[in-house]
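User: Please take a close look at the strands of this chain and at the loops beside them. I would like one connected account, with the reasoning behind any statement about burial or exposure.

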Amino acid sequence: MKSHHSLLLATDLDGTFLGGSEQQRAEFYQYVHNQGDRLLLVYVTGRELDWISNFLVENPQVPKPDYIIGDVGTTIVHGATFEPISAVQDWIVKQWGNANEQVKQLLADEPGLKLQAVNPDYRVSYYYDPEELRPSAIEKVIDAGFDCIISHYDIYFYFDVMPKGVSKGPTLLKFLEEMNFNADDTITCGDTLNDLSLFETGLKGVAVGNSEPRLVAKIQTMQNVYYSPYPGVMGIWDGLKIYGKD
């Protein structure tokens, strides 16, 4: 695949592309619509595909993505059809195998973990209680050959068990390779620790103004990440201007 677009915007949803006032979102979404010929929009989110599909139906004012990297980087599909991008998805499947039940059994007795209602194919997702979670839970995950991503948004604390080496950033890089898209024309945006891997790619990054403090601490030494003073969509727009991509 080869894209003719001159900008790829790879953005988280909650708190980022869906962040800001109603008026701010309306103005930015109109801008995105107007830039359709040059801008390739990629959602990169922790949300599962069913949620995204329903959300887009219920919120027609939100720009439709060209592609979706969902489930914290463990699913990747075309935005219009939700058909998998096989070359990348097959890599994820190979890394994970059929590990869902193995992970659930591994963490069954760990305090402070509660399974989320979602049941994604290539990760296992919990809520965690920061007062109760033990370091041994993370150690178990790593020792068993998986990765662990801990993040916080609003009142929720998320604990995701992931395929080794798979997260938002690595999946995005595989996608860019498959698309033969210029990395210099890619801008990543996020606000929580599950977006850190986007910034660790070395691609141009924008951490929006409402980013969680632990993410802000991590990006202090990252020369490729701009920390905008503006939250949500205004932070994205600010970042595009800073990078000369507006």
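Analyst: A residue is called buried here when its relative accessible area is under 20%, exposed when that value is over 50%, and partly exposed when it lies in between. Phenylalanine 82, with a relative accessibility of 24%, therefore counts as partly exposed. The model is a predicted one, and what follows describes its computed geometry.

Phenylalanine 82 sits in the loop that runs between β4 (75–78) and α4 (86–96). Its phi is positive, at about 60°, although the residue is not a glycine. Aspartate 154, which is likewise not a glycine, has a positive phi near 60°, and its place is the loop between β7 and β8 (156–162). The relative accessibility of aspartate 154 is 58%, which is why it counts as exposed.

Before the strands are taken one by one, the chain as a whole gives some context. The protein chain holds 10 helices and 11 strands. Its radius of gyration is 17 Å, close to the 18 Å that the globule rule gives for 246 residues, so the chain is as compact as a globular protein of that length. The C-alpha trace spans about 50 × 35 × 35 Å along its principal axes, and 53% of the 246 residues count as buried. Where contacts join residues at least 6 apart in sequence, 59% of them link residues at least 24 apart. The accessible surface amounts to about 11,300 Å², with 48% of it belonging to carbon and sulfur atoms.

Among the strands, β3 (residues 67–70) is covered on both of its faces, since Tyr67 and Ile69 on one side, and Ile68 and Gly70 on the other, are all buried. Strand β2 (residues 39–44) runs parallel to β3 and is joined to it by three bridges. Within this pairing, tyrosine 43 is set opposite isoleucine 68 of β3, and Ile68 is one of the buried residues just named.

A second group of pairings centres on β6 (residues 124–128). Four of the five residues of β6 are buried, so this strand is largely enclosed by the rest of the structure. Strand β5 (residues 113–115) runs antiparallel to β6, with three bridges between them, and leucine 113 stands opposite tyrosine 128 of β6. Strand β6 also pairs with β8, again in the antiparallel sense, over four bridges; here tyrosine 127 has tyrosine 158 of β8 as its bridge partner. Strand β8 is also one of the two strands that flank the loop of aspartate 154.

Before β7 (147–153) comes another loop, the one that follows α6 (135–143), and glycine 145 is found in it. Glycine 145 counts as partly exposed because its relative accessibility is 36%. Between the C-alpha atoms of glycine 145 and aspartate 121 the distance is 17 Å, while the two residues are 24 apart in sequence.

Further along the chain, the pairings are parallel. Strand β9 (residues 186–190) pairs with strand β10 (residues 204–207) in the parallel sense over four bridges, and threonine 188 stands opposite glycine 205 of β10. Strand β10 in turn pairs with strand β11 (residues 225–227), also in the parallel sense, over three bridges. In that pairing, valine 206 has tyrosine 226 of β11 as its bridge partner.

The loop between α7 (168–179) and β9 contains aspartate 184. Its relative accessibility of 52% is over the 50% limit, so aspartate 184 counts as exposed. Its contacts, leaving aside neighbours within four places in sequence, are with Lys204 and Lys245; Lys204 falls within the residue range of β10. The C-alpha atom of aspartate 184 is also separated by 8.8 Å from that of leucine 7, a residue 177 places away along the chain.

These contacts of an aspartate with lysines lead to the charges of the whole chain, which number 19 positive and 34 negative, with mean positions 3 Å apart.

How values were computed. Residues numbered from 1 in each chain as written. Predicted model: local features only at pLDDT ≥ 70, side-chain atom pairs only at ≥ 80, totals over all residues. Heavy atoms only, no water. Rg over C-alpha atoms; globule rule 2.2 N^0.38 Å. Buried < 20%, exposed > 50% of the residue type's maximum accessible area, 1.4 Å probe, protein only. Contact = heavy atoms within 4.5 Å. Areas by Shrake-Rupley, 256 points an atom, 1.4 Å probe, with all protein chains shown as cover. Lys, Arg positive; Asp, Glu negative; His and termini not counted. Charge placed at Lys NZ, Arg CZ, Asp CG, Glu CD. Pairing = 2+ DSSP bridges.
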